[in-house]
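Subject: Structure handover and notes

Hello,

Here is the structure I said I would pass on. Please open it alongside this message, and read the notes below with it in view.

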Amino acid sequence: LFTCIDLATGMLLERQLGLWKRLRAAPVSRLALLGAKAVSGTILALLSLAVTFAFGMAVFGIRVEGSRAGFIAVCVATALMASCFGLLVAALGRTPAATRGVAILAVLLMVMLGGAWVPSFVFPAWLQKVTLVVPARWAVDGLDAVTWRGVDFMGVLPAFLTFWVRRHVREPELWLTTRGSTRPRGRLGDV
């Protein structure tokens with residue numbers, strides 16, 4: 001997500017310098033211009049994810065226990081979400097400096113509510129329901145599913161397709177039988 005803040009501020013700088021008007025004057029549709037920005041942002045976010053996971057695999061021994069295709073699909077969906085977030089920030093922003101500050105705050109809130117800092121299962125029940133609308137929550141849940149829980153491709157579809165499908169996909173039997181014995185569940189206040 002932080003990578004795509006630079007995409008947004010870059011677009012705002014292009015707008016300030018008049019480059020965006022020049023690009024729009026070219027015989028290329030607005031959809032093609034925005035699509036190219038989205039694709040470039042997605043590629044940058046994918047490279048960031050690749051470096052992060054390569055480091056995690058080399059240093060911390062992180063493995064993809066589930067579907068490799070599901071892992072790639074979740075990574076692509078996460079990168080596309082980050083890129084589109086950057087385009088949204090660029091569309092709503094006025095100046096690069098002011099937009100960067102607001103975008104950083106928004107990213108920090110999305111990451112926190114998404115469960116990347118603190119696992120979302122320790123949140124109060126009402127906050128867990130609220131976080132279902134945060135795209136970062138679905139990215140974290142999808143990556144958690146294919147790395148730690150060993151979920152197959154069909155198990156990760158809900159993380160990047162729809163919100164309601166997630167409730168209808170059964171967890172793998174191995175996960176259901178071992179989750180209570182390997183990781184005690186409790187509240188954050190119990191720590």
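How many helices and how many strands are there in the protein chain? There are 9 helices and 0 strands. Please keep in mind that this is a predicted model. Read along the sequence, the pattern is α-α-α-α-α-α-α-α-α.

Overall figures

The protein chain has 191 residues, and 38% of them count as buried. Its accessible surface comes to about 11,700 Å², with 69% of that belonging to carbon and sulfur atoms. Taking contacts between residues at least 6 apart in sequence, 67% join residues at least 24 apart. One pair to look at is V39 and S83: they are 44 residues apart along the chain, yet their C-alpha atoms are separated by 7.7 Å. V39 is in helix α3. With 48% relative accessibility, V39 counts as partly exposed, because the partly exposed class runs from 20% to 50%.

Helix α1

Helix α1 covers residues 2-17. Its 16 residues should span 22 Å at 1.5 Å a residue, and the end C-alpha atoms are 23 Å apart, so the two values agree. Which residues of α1 are buried? They are C4, I5, L7, A8, T9, M11, L12 and E14. The cover over these buried residues includes α2 (19-25), α3 (30-60), α4 (68-92) and α5. Just after α1, G18 takes a positive phi of about 85°.

T9 is worth a look on its own. This residue of helix α1 has a relative accessible area of 6%, so T9 is buried. A polar atom of the T9 side chain lies 3.2 Å from the backbone oxygen of D6. Leaving aside residues up to four places away in sequence, T9 touches P96 and R100.

Helix α4

The same check on length can be made for α4. Its 25 residues should span 36 Å at 1.5 Å a residue, and the end C-alpha atoms are 36 Å apart, which agrees. At the N-terminal end, α4 is capped by S67, which has a side-chain oxygen 3.3 Å from the backbone nitrogen of A69.

Salt bridges

Side chains of opposite charge can pair when their charged atoms come close. How many salt bridges does the structure hold? It holds 5, and three of them are described here.

E14 forms a salt bridge with K37, and the closest N and O atoms are 2.8 Å apart. This pair links distant parts of the chain, since E14 is in helix α1 and K37 is in helix α3, 23 residues apart. Are these two residues buried or exposed? E14 has a relative accessible area of 17%, so E14 is buried. K37 has a relative accessible area of 16%, so K37 is buried as well. The reasoning in both cases is that buried means under 20%.

D141 and R137 form another salt bridge, with their closest N and O atoms 2.9 Å apart. Both residues lie in helix α7 (residues 135-147), 4 residues apart, which is about one turn of the helix. D141 is buried, because its relative accessible area is 18%. R137 also counts as buried, because its relative accessibility is 11%.

R63 forms a salt bridge with E65, and here the closest N and O atoms are 2.5 Å apart. R63 counts as exposed, because its relative accessibility is 54% and exposed means over 50%. E65 has a relative accessible area of 40%, so E65 is partly exposed.

A nonpolar patch on the surface

Which residues form the nonpolar patch on the surface? They are F2, I104, L105, L108, L109, M112, W117 and V118, and together they have about 700 Å² of accessible area. Helix α5 (residues 96-114) gives the most to this patch, with 5 residues. One residue of the patch, M112, has its place in helix α5. M112 has a relative accessible area of 33%, so M112 is partly exposed. Membership of a patch requires over 30% relative accessible area, and the 33% of M112 is over that value.

Regards

Terms used:
Residues numbered from 1 in each chain as written. Predicted model: local features only at pLDDT ≥ 70, side-chain atom pairs only at ≥ 80, totals over all residues. Heavy atoms only, no water. Patch = residues over 30% accessible without salt bridge, like charges linked within 9 Å, V, L, I, M, F, W, Y side chains within 5 Å. Areas by Shrake-Rupley, 256 points an atom, 1.4 Å probe, with all protein chains shown as cover. Salt bridge = Lys/Arg side-chain N within 4 Å of Asp/Glu carboxyl O. Helix = DSSP H or I, 4+ residues; strand = E, 2+ residues; numbered from the N terminus. Buried < 20%, exposed > 50% of the residue type's maximum accessible area, 1.4 Å probe, protein only. Expected span 1.5 Å × (residues − 1). Contact = heavy atoms within 4.5 Å. Polar contact = N/O pair within 3.5 Å; in protein donor to acceptor, adjacent residues only side chain to side chain.
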